[in-house]
Amino acid sequence: MTQAEHERHFNDKIAKEIKIEPNDWMPDEYRQTLIRQISQHAHSEVVGMLPEGNWITRAPNLRRKAVLLAKVQDEAGHGLYLYSATETLGADREQTIDDLHTGKAKYSSIFNYPALTWADIGAIGWLVDGAAIMNQVALCRTSYGPYARAMVKICKEESFHQRQGYESLMKLCNGTPQQKAMAQDALNRFWWPALMMFGPNDAESTHSEQSIAWKIKRFTNDELRQSFVDATVPQAEILGLTIPDENLKWNEERGHYDFSEINWDEFWQVVKGNGPCNKERLAARIKAKEEGLWVREAANAFAKKRAMKKSA
Ligand code: BYC
């Protein structure tokens with residue numbers, strides 16, 4: 001096939017909602033966009049284990065500890081499916097991880113904020129996993145097969161994560177005044193960073209237009225952010241908590257909540273590496289890679305030994 005025929009065939013598949021699979025011809029920019037987005041998504045899952053992992057030993061009881069442990073393990077699994085999905089596009093996993101460690105690759109801004117109290121763990125489940133689901137349910141229909149299929153399983157688990165966070169906050173909100181105040185404080189600190197997870201405004205989003213044309217993204221950043229606000233405000237009301245935005249108001253005409261402008265300066269500062277925990281997060285990942293070297297070396301040596309035995 002000529003280049004033009006390949007392109008026609010590819011565009012035809014996208015138009016007919018036929019998934020693009022690893023061995024199919026695809027434009028190089030489509031491949032690079034997917035490698036960028038999926039690897040950054042994988043990094044977010046793995047770095048996302050850090051703020052919560054920090055609370056496993058301090059969970060208030062055995063049940064909460066078991067649930068948190070399971071959630072953090074799920075995030076590790078999500079990272080692994082997603083790194084595998086990038087490998088189906090020809091990316092080298094080692095290189096992908098090095099790009100995170102050198103600061104070349106991004107990961108979600110949200111994980112550069114600290115989890116200061118136990119209520120933050122509830123708020124992360126409710127808001128951070130809630131925002132993640134809003135974005136990821138749409139990605140179950142993304143045009144690249146391995147990414148779409150990974151997202152189906154990930155969304156099922158994220159849904160449990162969101163519920164456990166909400167249930168944990170519900171308990172605090174029905175507890176002592178101090179516990180409720182702790183929940184409110186967590187909401188105050190996590191609300192705006194959660195809205196930032198959806199990325200820059202559509203006018204500032206460099207990749208959205210092309211990614212939507214290729215059906216990698218199904219909705220724009222602002223559309224998903226609005227859906228998240230609309231779904232989350234009633235949940236806050238049930239908890240009896242106040243969303244920290246004095247301009248938050250139901251707009252009858254639009255059929256959506258209006259809300260204040262995000263502090264974009266803060267967002268870009270965090271994305272550029274100047275958030276409260278950026279340096280700490282990367283240092284933790286680099287340390288984990290160095291300390292795990294002997295495991296990878298042992299596994300490789302064992303695999304080599306087995307292969308030699310087999311061929312003998
Ligand atoms: N943080 O053109 P745009 C989770 C970057 S983890 C940092 O709109 P795009 C979980 C963007 O990369 C949730 N950077 O980009 C885990 C681009 O820079 P580059 C993670 C951001 O890709 C543990 C530039 O800004 N979810 O679920 O079209 C516990 C311009 O943006 C951010 C995913 O990764 C940000 N928030 O749209 C709990 C979902 N936003 O790459 C939960 C998959 C934007 O040109 N990813 N940037 O250097 C996506 O859906 C899209 O990549 C985004 C951004 C909507 C995030």
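Reader: A residue is near a molecule if one of its heavy atoms lies within 4 Å of it, so how many residues surround the ligand?

Author: This is a predicted model, and in it 36 residues surround the ligand, the closest being Lys106, Ser205, His207, Lys217 and Asn221.

Reader: What classes of residue does the shell have?

Author: The shell around the ligand is made of 13 nonpolar residues, 14 polar ones and nine charged ones.

Reader: And which residues have polar atoms by an oxygen of the ligand, starting with the one at 2.6 Å?

Author: That one is His207, whose side chain has a polar atom 2.6 Å from a ligand oxygen. For Thr206 the polar atom belongs to the backbone, and its distance from an oxygen atom of the ligand is 3.0 Å. Glu158 comes in through its side chain, where an N or O atom is 3.3 Å from a ligand oxygen.

Reader: How much of the ligand does the protein bury?

Author: On its own the ligand would expose 1,000 Å², and the protein buries 91% of that.

Reader: Which elements give two or more residues to that shell?

Author: They are helix 2 (28-47), helix 4 (62-87), helix 6 (118-139), helix 7 (145-173) and helix 11 (264-274).

Reader: Changing topic, I clicked on Thr232; where is it found?

Author: Thr232 is part of helix 10, which covers residues 221-239.

Reader: Is Thr232 buried or exposed?

Author: Thr232 has a relative accessibility of 2%, and it counts as buried because that class takes in values under 20%.

Reader: What does the side chain of Thr232 reach?

Author: It reaches the backbone oxygen of Phe228, at a distance of 2.6 Å. If residues up to four places away in sequence are set aside, Thr232 touches Trp126, Leu127 and Trp191.

Reader: Which residues have the most contacts inside the largest nonpolar core?

Author: They are Trp126, Leu127, Trp191 and Phe228, in a core of 49 residues. Helix 4, helix 6, helix 7, helix 8 (177-196), helix 10 and helix 11 each supply at least two residues of this core. Apart from it there is another core, of 23 residues, among them Tyr30, Ala42, Leu82 and Ile154.

Reader: Why would nonpolar side chains be buried together?

Author: I can give you only the general tendency, which is that nonpolar side chains in soluble globular proteins tend to be buried together.

Reader: Back to Phe228, then: what is it in contact with?

Author: Leaving aside neighbours within four places in sequence, the contacts of Phe228 are Leu127, Gly130, Ala131, Met134, Trp191, Ala194, Leu195 and Phe198.

Reader: Now a loop: where is Ser143?

Author: Ser143 sits in the loop between helix 6 and helix 7, and at 5% relative accessibility it counts as buried.

Reader: What polar contact does the side chain of Ser143 make?

Author: The side chain of Ser143 makes a polar contact with the side chain of Tyr30, at 2.9 Å, and a polar atom of the Ser143 side chain is also 2.8 Å from the backbone oxygen of Trp214. Beyond four places in sequence, Ser143 is in contact with Ile14, Lys19, Ile20, Tyr30, Trp214, Lys215 and Ile216.

Reader: What is the phi of Lys215?

Author: Lys215 has a positive phi of about 60°, although it is not a glycine, and its place is in the loop between helix 9 (208-213) and helix 10. Glu17 is also a residue other than glycine with a positive phi, in its case near 65°. Glu17 lies in the loop between helix 1 (3-15) and helix 2, and with a relative accessible area of 42% it is partly exposed.

Reader: Which residues of helix 5 are buried?

Author: In helix 5 (residues 93-101) the buried ones are Thr96, Ile97, Asp99, Leu100 and His101, and their cover includes helix 2, helix 4 and helix 12 (278-291). After helix 5 comes Gly103, with a positive phi near 85°.

Reader: Last one: where is Gln269 found?

Author: Gln269 belongs to helix 11 and is partly exposed, with a relative accessible area of 32%. The C-alpha atoms of Gln269 and Ser109 are separated by 9.4 Å, although the two residues are 160 residues apart along the chain.

Notes
Residues are numbered from 1 along each chain as its sequence is written. This is a predicted model: local features need pLDDT of at least 70, side-chain atom pairs count only at pLDDT 80 or more; totals for chains, interfaces and linings use all residues. Side-chain values use heavy atoms; hydrogens and water are left out. A residue is near a molecule or strand if one of its heavy atoms lies within 4 Å of it. A polar contact is a pair of N or O atoms within 3.5 Å; within protein, one must be able to donate a hydrogen and the other to accept it, and residues adjacent in sequence count only if both atoms are side-chain atoms. Accessible areas come from the Shrake-Rupley method with a 1.4 Å probe; for residues, only the protein chains shown count as cover. Helices (H or I, at least four residues) and strands (E, at least two) are DSSP runs, numbered from the N terminus. Ala, Val, Leu, Ile, Met, Phe, Trp, Tyr, Cys and Pro count as nonpolar, Asp, Glu, Lys and Arg as charged, and the others, Gly among them, as polar. Buried means under 20% relative accessible area, exposed over 50%, partly exposed in between (1.4 Å probe, protein chains only). Contact means heavy atoms within 4.5 Å. A nonpolar core is a set of buried Ala, Val, Leu, Ile, Met, Phe, Trp, Tyr and Cys residues joined through side-chain atoms within 4.5 Å.
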